[in-house]
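Biologist: Could you take me closely through one part of this model, with its charged side chains in view? I would like a single connected account that I can follow with the structure open.

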Amino acid sequence: MRPLVVAVNGVTGRMGRTRHLHGALLPLQRSGIRSAGRRRELDLVLVGRRAAAVSQLAREHGVRRWSTDLDAVLGDPEVDVYFDAQRSGLRSGAVTAAIKARKHLYCEKPLALDGAAALELARDAEQAQIRTGMVQDKLFTPGFRALRSVLAAGALGRILDVRGDFGYWVSADAAGRPQRPSWNYRRADGGDFIADLFSHWYYLLAMVGTPLAVSALLATHVPRRHDESGRPYDVDVEDLGHVLVRLHGGVTGVISTSWIQRPPTPFTLTLHGTRATAMATPDACTLSTATLPAPGATPVPRQQPVPMPPQEDEFLSQWRQFLEHVAGDTPFPWTFCYAARAALFCDAIRNSGRRGTWCDVPEDTGDVR
Ligand SMILES: NC(=O)c1ccc[n+]([C@@H]2O[C@H](COP(=O)([O-])OP(=O)(O)OC[C@H]3O[C@@H](n4cnc5c(N)ncnc54)[C@H](O)[C@@H]3O)[C@@H](O)[C@H]2O)c1
């Protein structure tokens, strides 16, 4: 069996280099993947704009193939999969070219910066009959995998309400490098707080029920930041969102997420059910029940940790599942169509924030499945 060849674009970036190349692809190259009960090798092509940076990365890791010419890479019939971890605003163009070249596609979130653009990519990919996948890394962390098993076992009873919280303080002053790339805070460069964070919240909420409607309070509390060279720039994207949400099955919820909070809060999801409450972060999951109090007494909370599944890097786990889906017939539910639904959810949040009203999340994705 020839190796499965994956072209990796945006590999010099924060996510591309650390989480995808170091954390997932190099280890998978060593282990191989399973295809039809046999081991299949993986081959990488590193792609980027700057020859010096990409070639150095390739040399450091003994990767034989690298290129600065995306069209040539997409034109290479040996390449099976195109992966995109570029700046978000550059994704649509590269993905469109990869669909035309009939490569299977795996992408960092968001797929596109609005619902219409994401739906168009999903439709084009479906017509080209290629396999698609989106990074949904939090779902593969030990804490959220434990939560998924708690939900599958029905341990919470009927879910009533959901709370989500995430954020940290992103430094804005000239002293010290910003922890996040400055393009994140400039719309013209593809920065989009809602698409960045609520792409994650979409799949976390979907564990419980599809979002049907939202009411959002959005704000930009830090209107001026300093870039990687210490130069000031004006911010034109939000840095805070409080979103009320109505999910399928009558479940209510509230998500608060921002770049202005201390201490840092990891993605934290609390699910209140009729039998128990579960609270999950990427690293832990606890189940709480309360003993029935005597009339007038305060309920006594009982908390127990949910056993953690075996540890594995979450990006690696999801990469393996996607590549085995491409190489065989194993399922992979987080497709471009799923990403388009997430983009429509983000559109509804933006519209609600702008209009100050509840907005429905469209359920109909037309001919795209
Ligand atoms: N899954 C997650 O938890 C998670 C977390 C953060 C970011 N992301 C996503 O990953 C993607 C990359 O984010 P990042 O934080 O690694 O960004 P980054 O700025 O560190 O990297 C961006 C990459 O795009 C490349 N690029 C291509 N053309 C460019 C241009 N004209 N100008 C600047 N860079 C250009 C850069 O060389 C670099 O490789 C984004 O789509 C982001 O939404 C995902």
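Modeller: This is a predicted model, and a good place to begin is the salt bridge in which the side chains of Asp189 and Arg186 meet, with 2.7 Å from N to O. Arg186 is partly exposed, its relative accessible area being 22%, and Asp189 is likewise described as partly exposed, at 25%. Both values can be placed on the scale used here, because buried would require under 20% and exposed over 50%.

Asp189 also forms a salt bridge with Arg87, where the closest N and O atoms are 3.4 Å apart. Asp189 lies in the loop between E9 and H7, while Arg87 sits in the loop between strand E6 (81-84) and helix H4 (91-100), so this pair ties together parts that are 102 residues apart in sequence. Arg87 counts as partly exposed, with a relative accessibility of 34%.

The Arg87 end of that pair leads to a database annotation: UniProt, in an unreviewed entry, lists residues 43-129 as "domain: Gfo/Idh/MocA-like oxidoreductase N-terminal". Over residues 43-129 the chain is 45% helix and 18% strand, and the C-alpha atoms at the two ends of this stretch are 23 Å apart.

Returning to the loop that holds Asp189, we also find Ser171, placed between strand E9 (159-169) and helix H7 (193-205). If residues up to four places away in sequence are left out, Ser171 touches Arg177, Pro178, Gln179 and Arg225. The C-alpha atoms of Ser171 and Arg38 are separated by 48 Å, the two residues being 133 residues apart along the chain.

To set the Asp189 pairs in context, the structure holds 22 salt bridges. One of them brings together the side chains of Glu312 and Arg320, at 2.7 Å from N to O. Glu312 is partly exposed, with a relative accessible area of 28%, and Arg320 is also given as partly exposed, at 26%. Elsewhere, Asp43, Arg64, Arg65, Asp76 and Glu78 are joined into one network by salt bridges that share partners.

For your own inspection, then, Asp189 is a useful residue to centre on, since its side chain can be followed to Arg186 and, through the second salt bridge, to Arg87.

Technical notes
Residues are numbered from 1 along each chain as its sequence is written. This is a predicted model: local features need pLDDT of at least 70, side-chain atom pairs count only at pLDDT 80 or more; totals for chains, interfaces and linings use all residues. Side-chain values use heavy atoms; hydrogens and water are left out. Helices (H or I, at least four residues) and strands (E, at least two) are DSSP runs, numbered from the N terminus. Contact means heavy atoms within 4.5 Å. UniProt positions are given in the numbering used here, feature names are shortened, and annotations may be inferred rather than shown by experiment. A salt bridge is a side-chain nitrogen of Lys or Arg within 4 Å of a carboxyl oxygen of Asp or Glu. Buried means under 20% relative accessible area, exposed over 50%, partly exposed in between (1.4 Å probe, protein chains only).
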